[in-house]
Amino acid sequence: MSHHPPASRQKAQPAGNEEATTVINLGEFQDVDTLTLSEAALVINALVAKRRNDRKNVNETEMLTKTVDYLETFARFKKKENVEAVERLLSAHKEFHKFERAQLGSLCCETAEEAKYLIPSLNDKISDEDLQELLDEMYKLMPR
């Protein structure tokens, strides 16, 4: 039996209790503000533009380039005023968790049925009719 302390440290156990099904349990991220893909695109593009304008080192890594490309491809709302309008529409629904609002704003489902299938925690929070009305309002703000 050795009298020396172990040479390695214990491996931390993953939390593993996160889920986004009929229940939203995001562990340490439960109450963190979330962004839609469109909001994330606005933030990152504004930051990169400011650094370029200030002639600061933008440090455009491959990861940053790929992230910007991903957001450009999948962000549904391109104009700042439309991104803000969608945020106002979603924020008006206080019954939604922040994560649910971000998912609705990123997925841009066509029907209430699709939204509730992809975001099951919405099932008992809003009627299909009210959700469809919200989705229709968001659709009007999408580029054609």
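**Walking through a six-helix chain**

Let's start at R55, just after helix 1, where the backbone takes a positive phi of about 55 degrees. Helices here are DSSP runs of H or I with at least four residues, strands are E runs of at least two, and both are numbered from the N terminus. Before going on, keep in mind that this is a predicted model, with residues numbered from 1 along each chain as its sequence is written: local features need pLDDT of at least 70 and side-chain atom pairs count only at pLDDT 80 or more, while totals for chains, interfaces and linings use all residues. Side-chain values rest on heavy atoms, with hydrogens and water left out.

Now for the overall layout. There are 6 helices and 2 strands in the chain, and reading along the sequence gives the order β-β-α-α-α-α-α-α. Of the chain's 144 residues, 28% count as buried (under 20% relative accessible area with a 1.4 Å probe, protein chains only; over 50% is exposed, in between is partly exposed). If you take the contacts (heavy atoms within 4.5 Å) with a separation of 6 or more, 59% of them involve residues 24 or more positions apart.

Back to helix 1, which covers residues 37–53. Its 17 residues reach 24 Å from the first C-alpha to the last, close to the 24 Å expected at 1.5 Å a residue (the rise is multiplied by one less than the number of residues). Buried along helix 1 are S38, E39, A40, A41 and V48, and these buried residues pack against helix 2 (62–74) and helix 3.

For the helix 2 side of the story, look at L71, which is found in helix 2. L71 counts as buried, at 5% relative accessibility. Leaving aside residues up to four places away in sequence, L71 touches L37, A40, A41, I44 and K78. Two of those partners, A40 and A41, also appear among the buried residues of helix 1. Another buried residue of helix 1, S38, sits 33 residues from L71 along the chain, yet the C-alpha atoms of L71 and S38 are separated by 7.1 Å.

On to helix 3, which helix 1 meets at an angle of about 135 degrees, with the axes 10 Å apart (axes are lines fitted to C-alpha atoms, for helices over the stretch in contact, and angles run from 0 to 180 degrees between N-to-C directions). That makes helix 1 oblique to helix 3; for reference, under 35 degrees is roughly parallel, over 145 roughly antiparallel, 65 to 115 roughly perpendicular and the rest oblique. At this meeting point, S38, E39 and L42 of helix 1 face K80, V83 and E87 of helix 3. S38 and E39 are both on the list of buried residues in helix 1.

Helix 3 (residues 80–91) also packs with helix 4 (residues 98–107), at an angle of about 140 degrees and with 10 Å between the axes. Helix 3 and helix 4 are therefore oblique to each other. V86, L90 and S91 are the helix 3 residues in this contact, and R101, L104 and G105 are their helix 4 counterparts.

Past helix 4, stop at C108, in the loop that leads to helix 5 (112–118). Phi of C108 is near 50 degrees, a positive value in a residue other than glycine. C108 is also buried, with a relative accessible area of 10%. R55, where we came in, likewise has a positive phi, about 55 degrees.
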